Amino acid sequence: QVQLVESGGGLVQAGGSLRLSCVASGDIFKVKSMGWYRQAPGKQRERVASIPDSGATNYAASVKGRFSISGDNAKNTWSLQMNSLKPDDTGVYFCHADLIYADLTAGTHFRDDFWGQGTQVTVSS
């Protein structure tokens, strides 16, 4: 079965930087799209950055110019470089992928989406 694992979160002061990583494992055939999401306490989960099937990159207005998303679909690994961090960036960050994978038990391919377990990012003032 496909699994996504995030890493790289931590505690930093305002103005600092962090790099988050996401690694997918399993019998993956093709990644259709992927993205980074975050959720602050008491708020809904929001999309921070994404890479659709076209290959273009999308960013939330609040992080443009500060965050950068990149990935290597062949290696099934992606990252989110976060610079000039602000206290409002605090939250749990999740990796998400829409992909086609091989189900060896069923002997065929399926398309589904998967979430990582999340990694905590805390920015102090």
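**Stop 1: the aromatic pairs**

Colour the Phe, Tyr and Trp residues in this predicted model, and look for rings that come together: the structure holds four aromatic pairs. Start by selecting Tyr37 and Trp115. Their rings meet edge-to-face, with 5.0 Å from centre to centre and 65° between the planes. Now show the cartoon as well. Tyr37 belongs to strand β4 (residues 28-39) and Trp115 to strand β10 (residues 108-115), so this pair links distant parts of the chain, 78 residues apart.

Turn on a surface and compare the two partners. Is Tyr37 buried or exposed? Tyr37 is buried, since its relative accessible area is 19% and the cut-off for buried is under 20%. Trp115, with 37%, is partly exposed.

Next, select Tyr101 and Phe114. This is another edge-to-face pair, 5.5 Å between the centres and 80° between the planes. Here too, distant parts of the chain are linked: Tyr101 is in strand β9 (residues 91-103) and Phe114 is in strand β10, 13 residues apart. Both residues are hidden from the surface: Tyr101 is buried at 9% relative accessibility, and Phe114 is buried at 10%.

**Stop 2: a ring cluster with an arginine**

Go back to Tyr37 and Trp115, and add Phe94 to the selection. Ring pairs join Tyr37, Phe94 and Trp115 into a cluster. Now show the side chain of Arg45. Which ring has the charged end of Arg45 sitting over it, 3.8 Å from its centre? The answer is the ring of Phe94. Arg45 also lies over the face of Trp115, where the distance to the ring centre is 4.7 Å. Try turning the view until you look down on each ring in turn.

**Stop 3: an open sheet**

Hide the side chains and keep the cartoon. Find the four strands that form an open sheet in the order β1-β3-β8-β7, with antiparallel pairing. Which strands stand at the edges? They are β1 (3-7) and β7 (67-72); each has a single partner strand, so one side of each is left without a neighbour in the sheet. Look along the sheet and you may notice its twist, which averages 15° from one strand to the next.

Now zoom in on β3 (residues 18-25) and β8 (residues 77-82). These antiparallel strands are joined by six bridges. To see how the two strands line up, select Leu20, which stands opposite Leu80 in β8. What holds such strands side by side? Strands of a sheet pair through backbone hydrogen bonds.

**Stop 4: the disulfide**

Stay on β3 and select Cys22, then add Cys95. Together they form a disulfide, with the sulfur atoms 2.1 Å apart. A search of the whole structure finds one disulfide, so there is no second one to look for. As a reminder, a disulfide is a covalent bond between the sulfur atoms of two cysteines. The link of Cys22 and Cys95 is left-handed, with -80° about the S-S bond. Cys22 sits in strand β3 and Cys95 in strand β9, 73 residues apart along the chain. With the surface on, you will find both ends hidden: Cys22 counts as buried at 0% relative accessibility, and Cys95 counts as buried at 0% too.

**Stop 5: two loops that touch**

Select Arg66, in the loop between β6 (58-59) and β7. Arg66 counts as buried, at 11% relative accessibility. Where does its side chain reach? The side chain of Arg66 comes to the backbone oxygen of Ser84, at 3.0 Å.

Add Ser84 to the selection; this residue is in the loop between β8 and β9. Ser84 is partly exposed, with a relative accessible area of 40%. Its backbone is worth a look: Ser84 has a positive phi of about 50° although it is not a glycine. For background, most residues other than glycine have a negative phi.

**Stop 6: strand β11**

Finish with strand β11 (residues 119-124), and show its side chains. They alternate: Thr119, Val121 and Val123 point to one face and are buried, whereas Gln120, Thr122 and Ser124 point to the other face and are not.

Then look at the neighbours of β11. Strand β2 (residues 10-13) pairs with β11 in the parallel sense over four bridges, and Val12 stands opposite Val123 in β11. Strand β9 pairs with β11 in the antiparallel sense over three bridges. Select Gly91 to see one of its contacts: the bridge partner of Gly91 in β11 is Val121.

Key: Residues are numbered from 1 along each chain as its sequence is written. This is a predicted model: local features need pLDDT of at least 70, side-chain atom pairs count only at pLDDT 80 or more; totals for chains, interfaces and linings use all residues. Side-chain values use heavy atoms; hydrogens and water are left out. Rings of Phe, Tyr and Trp (its six-membered ring) pair if their centres lie within 6.5 Å; planes under 30 degrees apart count as stacked, over 60 as edge-to-face and the rest as tilted. Buried means under 20% relative accessible area, exposed over 50%, partly exposed in between (1.4 Å probe, protein chains only). A charge sits over a ring if NZ of Lys or CZ of Arg is within 6 Å of the ring centre and within 35 degrees of the ring normal. Two strands pair if DSSP finds at least two bridges between them. Axes are lines fitted to C-alpha atoms, for helices over the stretch in contact, and angles run from 0 to 180 degrees between N-to-C directions. A disulfide is a pair of cysteine sulfur atoms within 2.5 Å. A polar contact is a pair of N or O atoms within 3.5 Å; within protein, one must be able to donate a hydrogen and the other to accept it, and residues adjacent in sequence count only if both atoms are side-chain atoms.
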